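Thanks for coming. I have one structure to go through, and I will take it piece by piece.

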Amino acid sequence: MCRFSQFLWAGVVCLLLAFSGVRGAAADEFSGLESGQFNTIADTVSAMVASGNPQAGAVIDALEKRHLVYSPAGGVFIRAGTTYVDARTGQSVQNIPADLKPVRMNNHVRQVLASATAELELLSPEDAVRLKAATQMYAQHNPAMLPVIHHALEREKNSHVRLKLEQANAATMLAQPVQPGQEATRLAAVKTLGSAGDLEARGLLAVVAASDHETPEVRKAAAKTVSSIDLKQRVWSVLQNAFYGLSYGSVLLLAATGLAITFGVMGVINMAHGELMMIGAYTTWLVQQGIRATVPWLEPVSLLVAIPVAFCVCGLLGILIERGLIRFLYGRPLETLLATWGLSLILQQAIRSIFGPTNIAVITPAWLSGSWMLGSVDITLNRLAIFVFAFLVLGALMLVMRKTSLGLEMRAVTQNRRMAALMGIRTPRVDALAFGLGAGLAGLAGVAVSQIDNVSPNLGQSYIIDSFMVVVFGGVGNLWGTLAAAMTLGMGGKILEPTIGAVSAKIAILVLVILYIQRHPRGMFPVRGRGVES
Amino acid sequence: MSDILPKFSRRAFGRLALASSVAAIGAAYRPGQALAAAPTGQPIKVGILHSLSGTMAISETTLKDVMLMLIAEQNRKGGLLGRPLEPVIVDPASNWPLFAEKARQLLSVDKVDAVFGCWTSVSRKSVLPVFEELNGILFYPVQYEGQECSRNIFYTGAAPNQQAIPAVDYLLSEEGGNAKRFALVGTDYVYPRTTNQILANYLKSKGIKDEDIMVNYTPFGQSDWQTIVSQIKAFGAAGKKTAVVSTINGDANVPFYKELGNQGVSATDIPVMAFSVGEEELAGMDTTSLVGQLAAWNYFESIDTPENKLFIKQWHEFTKNPKRTTNDPMEAHYIGFNMWVQAVTKAGTTDHDKVIDTMIGIRQPNLTGGVAQMLPNHHLTKPVYIGEIQEDGQFSVVWKTPSTIAGQAWSPWVPETKNLIGDWSKPISCGNYNTATKTCIGKKHV
């Protein structure tokens with residue numbers, strides 16, 4: 001068997017050598033792909049598109065998907081599953097060389113590839129695809145694409161795509177070196193870009209304004225447009241920071257709501273709260289892996305499946321912790337601090353032993369990646385989702401506290417444990433359920449955080465301080481206070497950060513919280529009434 | 001090294017079942033086995049000073065494992081000077097004062113003959129006085145900010161001129177995208193600050209203006225990158241090609257890259273060149289949005305050499321986990337350990353002073369091809385590679401230095417140290433020799 005395959009290989013190699021000899025003599029437009037040189041590969045790709053070779057589309061598609069392979073001895077092939085197609089002829093090949101390597105790629109090649117794809121896509125019958133291609137052309141403003149853009153403009157009927165194409169035309173036009181007698185067209189281009197008014201336009205116009213080759217007229221117009229874009233961007237950036245503040249605040253809110261129950265309502269200083277979040281995040285990962293292995297078509301919504309699972313897992317764990325540890329320590333908050341701190345170390349180490357010390361990759365589904373542009377405000381989808389999720393969780397929690405008997409009993413127990421017990425409330429059961437609820441909320445926070453932060457055994461530590469800060473600042477035992485504090489701290493941080501930097505912003509916020517707490521020891525929304533011990 | 005090769009080739013080929021070649025390799029192997037009689041006598045102790053708990057455990061546990069593998073391998077080959085090697089593991093728990101304490105324990109109680117350890121610069125700085133006082137030997141395997149040269153430390157990771165400067169050269173080059181604006185983003189501690197100081201001065205010497213350099217520091221474990229990424233985007237909108245040089249540490253990298261992806265900053269718009277993102281970090285990330293982002297190292301797991309293949313195979317067998325990745329600091333330990341073995345063999349003793357003197361000039365093949373040499377300033381010659389992140393979490397090398405680069409202990413791009421060199425060979429024997437005044441500054445490291 002061995003001998004036979006060896007013989008076969010020898011035959012293949014011989015054949016290949018023969019072929020490469022032939023090819024070496026007449027280098028065609030494909031041979032650049034075999035060079036292994038990035039610049040040559042990039043040039044080959046653009047030349048191929050320009051040539052209108054019928055194979056161009058397939059080759060570019062394969063290169064993009066990393067299915068294009070070559071043999072150093074000669075020959076470019078497209079891999080389709082286990083079979084190979086000759087890139088030159090489009091015919092399937094039987095004798096594939098052994099030393100196939102993927103055609104090399106770097107950022108330069110990727111860039112050329114992106115414009116090549118955009119060029120092919122400009123011919124698409126679908127408006128959305130053409131719009132995407134036009135946007136790509138606009139972002140790249142590669143002067144070589146000018147004829148293509150002109151050609152597309154002539155045929156374009158859809159007004160959205162047309163507008164984008166006009167902007168792409170203006171951008172590409174301005175990116176070209178100045179030629180005499182172009183002043184009017186360049187001025188018009190500056191105006192068009194001014195109407196686009198985004199960061200890309202600003203970048204291009206800044207170059208025009210600073211260029212020595214432009215006429216003073218054009219330079220002046222460009223400089224004026226740059227400053228008007230800057231002004232507009234400054235206004236937008238206030239809104240942008242507001243969004244960042246809200247989204248940061250909603251992460252804090254999620255991290256803190258569970259703690260608001262355990263600490264605020266039950267008086268337990270739960271240092272393991274962060275670790276419960278971590279377990280929620282690991283549960284998300286397990287759910288994702290499980291779904292991928294068993295029902296792959298459910299993968300896009302695995303995150304939604306993870307939400308109830310994480311709530312139940314962490315909730316049950318919370319009940320276990322309460323029954324096994326906390327219930328012996330009621331009324332002694334400092335002892336709960338020590339006990340739960342020890343517990344947090346145990347949980348961390350347990351996770352480290354089971355899953356390893358390194359980060360695990362929780363996948364962000366496609367529908368949660370990317371962003372929407374609202375004017376010039378970049379609304380990232382995962383942050384938006386967390387924002388909505390945080391408010392849903394808070395809303396649901398408020399309903400539970402106000403409209404269910406469990407909520408009523410919880411409030412009764414926290415206000416006066418003895419009287420509640422006398423009224424027939426089974427206080428141990430309420431304690432366990434309340435702690436379980438807090439833990440379940442931490443699990444929900446873990447699901448959310450897995451989408452923005454790294455999931456490792458240390459995850460909990462980075463949230464515990466923030467969570468306590470929010471609960472104390474907002475007023476212990478008050479959900480509205482938690483909401484107000486999370487949003488205030490989130491907003492405050494994001495307003496300070498651009499001007500004084502992330503490190504100083506963090507310190508400044510801490511100092512402000514300390515000063516505030518000194519003045520108002522009970523936080524922003526103090527709980528009033530007879531139930532509160534003085 | 002020559003002994004490992006036939007052994008593993010035998011295993012690899014054995015499965016492929018070519019009886020004749022097995023016989024041939026087996027014959028080549030037998031003399032080695034005869035030589036490798038079970039080592040006897042007093043063991044030589046090797047200290048391993050890596051955090052196995054706390055925040056750094058994530059990176060350092062791997063280095064402990066790789067040391068155990070190297071020691072086991074050496075013992076299988078007959079030990080050192082006919083004596084067995086014995087690892088002594090301590091856990092400094094990511095706690096810097098504890099590093100000094102554990103180092104003292106290793107040197108004065110356990111009486112180890114060499115220590116392999118530390119990751120962060122602050123841990124190295126805290127053990128340095130201990131190693132000098134007790135005349136120990138430390139092999140430090142991680143790229144660092146330079147500006148230090150101790151007789152008792154061998155720096156087997158990269159100095160700034162072996163990572164940061166070539167990386168920026170690449171970004172400035174035509175192939176690397178002709179960057180004209182640089183955002184230097186880092187975690188707020190000594191390594192990023194010193195590296196960025198060196199880089200800023202270097203960039204200015206290359207004609208980059210002050211306004212085209214943005215420096216931004218964040219706290220450890222930063223998780224909310226929204227503002228900073230949008231600042232980088234705005235910074236890149238000045239119409240000049242912009243690149244980010246990232247000295248962001250460990251954990252904070254994941255949310256940083258996630259945010260870049262979310263805000264639509266791709267490697268083709270604004271490439272990010274990272275100095276501390278390796279295979280291990282990528283293993284915990286969803287790499288689809290990172291394709292094309294860059295990293296500069298002296299080693300990548302994907303580099304295709306027979307030595308590296310063997311090393312990876314050995315690593316997978318040792319950890320019994322075919323998914324464990326290898327990375328740059330692991331190679332540094334591999335080089336450092338083998339150099340130490342060579343030096344002890346050559347000196348014929350483990351006497352610290354003799355070994356330290358013998359180390360200079362020792363040569364050891366890299367895992368990526370080429371040879372590392374221990375220089376008089378206790379740094380190595382190293383090749384520098386720029387890799388692009390691929391979808392599978394590996395790096396594909398897109399550029400490398402034409403030859404190996406000699407590590408500089410003191411940066412010529414920092415005004416106070418531009419005349420300093422380290423040279424522990426005679427007659428200078430000084431870690432901070434001023435070539436202008438021809439004097440040795442003495443026991444002062446910064």
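Cys430(B) has a relative accessibility of 1%, so this residue counts as buried. Keep in mind that this is a predicted model. Which residue does Cys430(B) form a disulfide with? The partner is Cys440(B), and the two sulfur atoms lie 2.1 Å apart. Cys430(B) belongs to strand β18 of chain B, residues 430–434, and Cys440(B) to strand β19 of chain B, residues 439–440, so the link ties together parts that are ten residues apart in sequence. The link of Cys430(B) and Cys440(B) is right-handed, with 90 degrees about the S-S bond. The partner's accessibility is 41%, so Cys440(B) is classed as partly exposed.

How many disulfides are there over all chains? The count is one. Two other cysteines can be checked against that. For Cys149(B), the closest cysteine sulfur is in Cys430(B), at 8.2 Å, which is too far for a bond. Cys149(B) is buried, with 3% relative accessible area. In chain A, the sulfur of Cys312(A) has its closest cysteine sulfur in Cys314(A), 9.6 Å away, again too far for a bond. Is Cys312(A) buried or partly exposed? With a relative accessible area of 44%, Cys312(A) is partly exposed.

Next, chain B as a whole. Its secondary structure consists of 13 helices and 19 strands. The radius of gyration of chain B is 22 Å, close to the 22 Å from the globule rule for 446 residues, so the chain is as compact as a globular protein of that length. The C-alpha trace of chain B spans about 70 × 60 × 40 Å along its principal axes. Of the 446 residues in chain B, 60% are buried. Taking the contacts in chain B with a separation of 6 or more, 67% come from residues 24 or more positions apart.

On the surface of chain B, the accessible area is about 15,900 Å², and carbon and sulfur atoms hold 56% of that. As for charge, chain B carries 41 positive and 42 negative side chains, and the centres of these two sets are 5 Å apart.

One helix in chain B deserves a closer look. Helix α9, residues 253–262 of chain B, is mostly covered, with nine of its ten residues buried. Among the buried ones in α9(B) are Val254(B), Phe256(B), Tyr257(B) and Leu260(B), and the charged types Lys258(B) and Glu259(B) are on that list too. What covers the buried residues of α9(B)? From chain A the cover includes β6 (371–374), β7 (377–380) and α14 (381–403). From chain B it includes α8 (226–235), β8 (242–247) and β9 (272–274). So both chains appear in the cover of α9(B). Just after α9(B), Gly264(B) has a positive phi of about 75 degrees.

Last, a glycine in chain A. Where does Gly32(A) lie? Gly32(A) is in the loop between α1 (2–25) and α2 (38–51) of chain A. Its relative accessible area is 11%, so Gly32(A) is buried. Setting aside neighbours within four places in sequence, Gly32(A) is in contact with Thr40(A), Ile41(A) and Thr44(A). Gly32(A) and Ala196(A) are 164 residues apart in sequence, and their C-alpha atoms are 38 Å apart in space.

That is what I had on this one.

Definitions and conventions:
Residues numbered from 1 in each chain as written. Chains lettered and ligands numbered in written order. Predicted model: local features only at pLDDT ≥ 70, side-chain atom pairs only at ≥ 80, totals over all residues. Heavy atoms only, no water. Helix = DSSP H or I, 4+ residues; strand = E, 2+ residues; numbered from the N terminus. Rg over C-alpha atoms; globule rule 2.2 N^0.38 Å. Buried < 20%, exposed > 50% of the residue type's maximum accessible area, 1.4 Å probe, protein only. Contact = heavy atoms within 4.5 Å. Areas by Shrake-Rupley, 256 points an atom, 1.4 Å probe, with all protein chains shown as cover. Charge placed at Lys NZ, Arg CZ, Asp CG, Glu CD. Disulfide = S-S within 2.5 Å.
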